[in-house]
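Here are some short exercises to help you find your way around a new structure. Try each task yourself before you read the worked solution.

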Amino acid sequence: MAVLPIRISGEPVLHTPASPVTDFDDALRTLVDDMFETMDEAPGVGLAAPQVGVPLRLFVFGWTDDDDVLHRGVAINPVLWISPAPTGGPDEDADSEGCLSFPGERFPLVRSQSAILQAVDLDGAPFEIRADGWLARIFQHEFDHLDGVLYVDRLEHPHAKAATKASRRNSWGVPGLSWTPGVDHLED
């Protein structure tokens, strides 16, 4: 297994819809193992293949809820069903979100409270997970990556303006930028 470089906003693979996974082989298993290692080292709660430069429709996730239940897995060729998002503006604390491809920054974003994830696993077996709260947020965030959307693309004023300033301050928004967890130390 290996820790992979994580692409930073501006890399074309992050802003382009990913392709379906068609080959369920050893290369896919290695990619998923490497993605788990990368996510854990970052540390993060999810990581989509485009974030490591691979334009395929899959993501890994790993998050422990308040009851100490670990939610961990891989979603390949997922479909995501979401409930309507709450109305009103985001809560600065409860809706604060970050992204490994926009590292060290957090902004509030309203997301749907419930989601149903339908996907297949590494063996091509279908599964479904019904999620609420933070797990539903993780699924929405990672699913967006597969469509070429970063969470900062969904922000509203004044948070969108703050994200644009952060991107300029960090010289992001151009191809070729990445960071490697455990190697590059980014300031929060």
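**Exercise 1. Find which element gives the largest share of the lining of the second largest pocket.**

Solution. Keep in mind that this is a predicted model.

- Step 1: Start with the space itself, which comes to about 190 Å³ in the second largest pocket.
- Step 2: List the lining, which is made up of L80, I82, A85, L109, V110, R111, S112, Q140, F143, D144, D147 and R154.
- Step 3: Look for elements that give two or more residues to this lining, and you get strand 4 and helix 2.
- Step 4: Pick the winner: helix 2 provides the largest share, with three residues.
- Step 5: Sort the lining residues by class, and you end up with six nonpolar, two polar and four charged.

**Exercise 2. Describe the lining of the largest pocket and say which residues lie nearest its centre.**

Solution. Go from volume to lining.

- Step 1: The largest pocket holds about 620 Å³ of space.
- Step 2: Its lining has 29 residues, and P43, G44, G98, C99 and L100 are the ones nearest the centre.
- Step 3: Strand 5 (96-98) and helix 2 each put at least two residues into the lining of the largest pocket.
- Step 4: Helix 2 gives the largest share here, namely six residues.
- Step 5: Split by class, the lining of the largest pocket contains 12 nonpolar, nine polar and eight charged residues.

**Exercise 3. Work out the strand order of the open sheet and name its edge strands.**

Solution. A bit of background helps: strands of a sheet pair through backbone hydrogen bonds, in either a parallel or an antiparallel way.

- Step 1: The open sheet has five strands in the order 2-3-4-7-8, and their pairing is antiparallel.
- Step 2: Strand 2 (46-48) and strand 8 (126-132) pair on one side only, which makes them the edge strands.
- Step 3: From one strand to the next, the twist averages 40°.

**Exercise 4. Walk across the sheet and find bridge partners for A48, V79, I116 and L117.**

Solution. Take the pairs of strands in turn.

- Step 1: Strand 2 and strand 3 (residues 58-64) are antiparallel and share three bridges. Here A48 has F59 of strand 3 as its bridge partner.
- Step 2: Strand 4 and strand 7 also run antiparallel, joined by five bridges. V79 is matched with Q118 in strand 7.
- Step 3: Between strand 7 and strand 8, again antiparallel, there are seven bridges. I116 is partnered by R130 in strand 8, and L117 by I129.
- Step 4: Now check the turn. The hairpin of strand 7 and strand 8 has five residues between the strands, and G124 there takes a positive phi near 80°.

**Exercise 5. Say which strands helix 1 and helix 2 meet, and at what angle each runs to strand 3.**

Solution. Handle one helix at a time.

- Step 1: Helix 1 (residues 26-41) lies across strand 2, strand 3 and strand 4 (70-82). Against strand 3, helix 1 runs at about 40°.
- Step 2: Helix 2 (residues 133-146) packs on the sheet and touches strand 2, strand 3, strand 4, strand 7 (114-120) and strand 8. The direction of helix 2 makes about 160° with that of strand 3.

**Exercise 6. Decide for T180, L70 and D25: buried, partly exposed or exposed?**

Solution. You need two cut-offs: buried means under 20% relative accessible area, and exposed means over 50%.

- Step 1: T180 sits in the segment after strand 9 (178-179). Its relative accessibility is 17%, so T180 counts as buried. Setting aside neighbours within four places in sequence, T180 contacts V3, L4 and P5.
- Step 2: L70 belongs to strand 4. With 53% relative accessibility, L70 is exposed. Not counting residues up to four places away in sequence, L70 touches W63 and T64.
- Step 3: D25 is in the loop between strand 1 (6-7) and helix 1. Its relative accessible area is 34%, so D25 is partly exposed.

**Exercise 7. How many residues apart in sequence are D25 and D123, and what is their C-alpha to C-alpha distance in space?**

Solution. Compare the two kinds of separation.

- Step 1: Along the sequence, D25 and D123 are 98 residues apart.
- Step 2: In space, D25 and D123 are 8.9 Å apart, C-alpha to C-alpha.

Key:
Residues numbered from 1 in each chain as written. Predicted model: local features only at pLDDT ≥ 70, side-chain atom pairs only at ≥ 80, totals over all residues. Heavy atoms only, no water. Pairing = 2+ DSSP bridges. Helix = DSSP H or I, 4+ residues; strand = E, 2+ residues; numbered from the N terminus. Axes fitted to C-alpha atoms, helices over the stretch in contact; angles between N-to-C directions. Contact = heavy atoms within 4.5 Å. 1 Å grid on protein atoms, 1.4 Å probe; cavity = no way out; pocket = protein on both sides within 12 Å on 5 of 7 lines; lining within 4 Å. Points joined across faces, edges and corners; volume = space filled by probe spheres on them. Nonpolar A, V, L, I, M, F, W, Y, C, P; charged D, E, K, R; others polar. Buried < 20%, exposed > 50% of the residue type's maximum accessible area, 1.4 Å probe, protein only.
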